[in-house]
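Reader: Hey, could you walk me through the pockets in this one? I'm new here.

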Amino acid sequence: MSSIKLSNIGQLITYDSEAKRMISKDNSEIVIHNRKILEIGNNLGDADQLIDCNGMLVTPGFVDSHTHPVFLNGREDEFKMRIEGKSYEDIAAAGGGIINSVNDVRESSEEELILRVKDRMDRFLKLGTTTIECKSGYGLNTESELKSLKVIHEVNKSHDIDMVATFMGAHAFPKEFVQKHDAYVDIICKEMIPAVAKQGIAKFNDVFCEDGYFNLEQTRKILLEGKKYGLIPRMHAAEFTDSGSAVLAGDLKSISADHLMAVSDEGIEALKRNEVIATLLPGTTFFLGKTSYAPYKKLKHAGVDIALATDYNPGSCHIQSMSFILSLACIYMNMDIMNAIKASTFTAARSMMLEGEIGSIEKGKYADIIIWNINRVEQIPYMVTDQPIQCVYKKGMPAFIA
Ligand code: NIG
Ligand code: FE
């Protein structure tokens, strides 16, 4: 395979594993060979193909470590209801919310869902996301959960973006189990998890641990059962209330605890002690019209590692742009810009256990790279709704050119 040299890079921003911090280099070059980064430096030797970056900014591709993309239609009606004064929690309690997307997914064919998910992945890639975690969770029975995971697998096979699948049968209680929560948990443990493991697509197992959804005991049971089958735990924790979910994430050594808008001090301490990554999703807070952003400063001060992701889904956050998530993190959580880039690349890759391969521009890693149309990293969150991306390289190949 031929080599490519990216030359005339104005500013190169990346996490550096040796220095253990984010670094910024001026006037550098990158040589890509065999899909991977061969060298980074100045005055590097010739390559088969030369790409002039025109003094622009270069960063790693974004890693979006929390999305729910396997649904059919949007839920604009609920968006309208929220504008009229209903809360996300009210709508869900009245039988809307996640359950609203379940009928559609159950009735859709694999092919229909593949088309929807493929379109969504095209857009993610254009926005600079090169690796994405994708959850099932709008099927809520064995057949439709397996179908959703299969959809992720099929799109992944033919798409430049890399998709990593998470089983989320514990996203909500389906209508037929509204009065029989424990019976549904039994189905997840005895029927779904073995079937998901046998199918071999999902890497992670996620549970929505929240008042009105899965309680602590049910969450523990589902995540421990998954572990027996090799599914790695992740959790939706303390999104609206923290009744011990972050502490449980610590106990179970969940790789990540996500949302954390309502996390308690005890929860923060448990995350730190057990090295659980806190994945913050400011897009959800924003989209739901709330002001209770996750306590970034407290988490950082406690020494918790922080990732940022979109939480893209039809109900609580219909946002695909990681650049916009960075703007929200900087504006509303006072996250500094270099840490926001680290959180949306390197730490997000760690939360998917992929930091050896992606998440930074370093020798030996896949060349997942964004060449921007701007020349300073500060301009990413500053541009807010613009998408100043010139080109996205995925595994050393141009996957999107503006
Ligand atoms: O992360 N909290 C649970 N799941 C999603 C919402 C999904 C939906 O409303 O469809 C979330 O916010
Ligand atoms: Fe979510």
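**Pockets and their linings**

Author: Sure. The lining of the second largest pocket has, by class, 5 nonpolar, 2 polar and 5 charged residues. Here Ala, Val, Leu, Ile, Met, Phe, Trp, Tyr, Cys and Pro count as nonpolar, Asp, Glu, Lys and Arg as charged, and the others, Gly among them, as polar. This is a predicted model, where local features need pLDDT of at least 70, side-chain atom pairs count only at pLDDT 80 or more, and totals for chains, interfaces and linings use all residues. Residues are numbered from 1 along each chain as its sequence is written.

Reader: Which element gives the largest share of that lining?

Author: Strand 1, with 4 residues. Strands (E, at least two residues) and helices (H or I, at least four) are DSSP runs, numbered from the N terminus.

Reader: And what's a pocket, exactly?

Author: On a 1 Å grid over the protein atoms alone, a pocket is an open set of points where a 1.4 Å probe fits, with protein on both sides within 12 Å along at least five of seven lines; lining residues have an atom within 4 Å of a point.

Reader: OK, switching: what volume does the largest pocket have?

Author: About 390 Å³, counted as the space filled by probe spheres set on the points, which are joined across faces, edges and corners. Of its 18 lining residues, Ala-92, Ala-93, Phe-173, Gly-212 and Tyr-213 are the closest to the centre.

Reader: Which element gives the most to that lining?

Author: Helix 2, with 3 residues.

Reader: How many of the lining residues of the largest pocket are charged?

Author: 4, alongside 9 nonpolar and 5 polar ones.

Methods
Chains are lettered from A and ligands numbered from 1 in the order in which they are written. Side-chain values use heavy atoms; hydrogens and water are left out.
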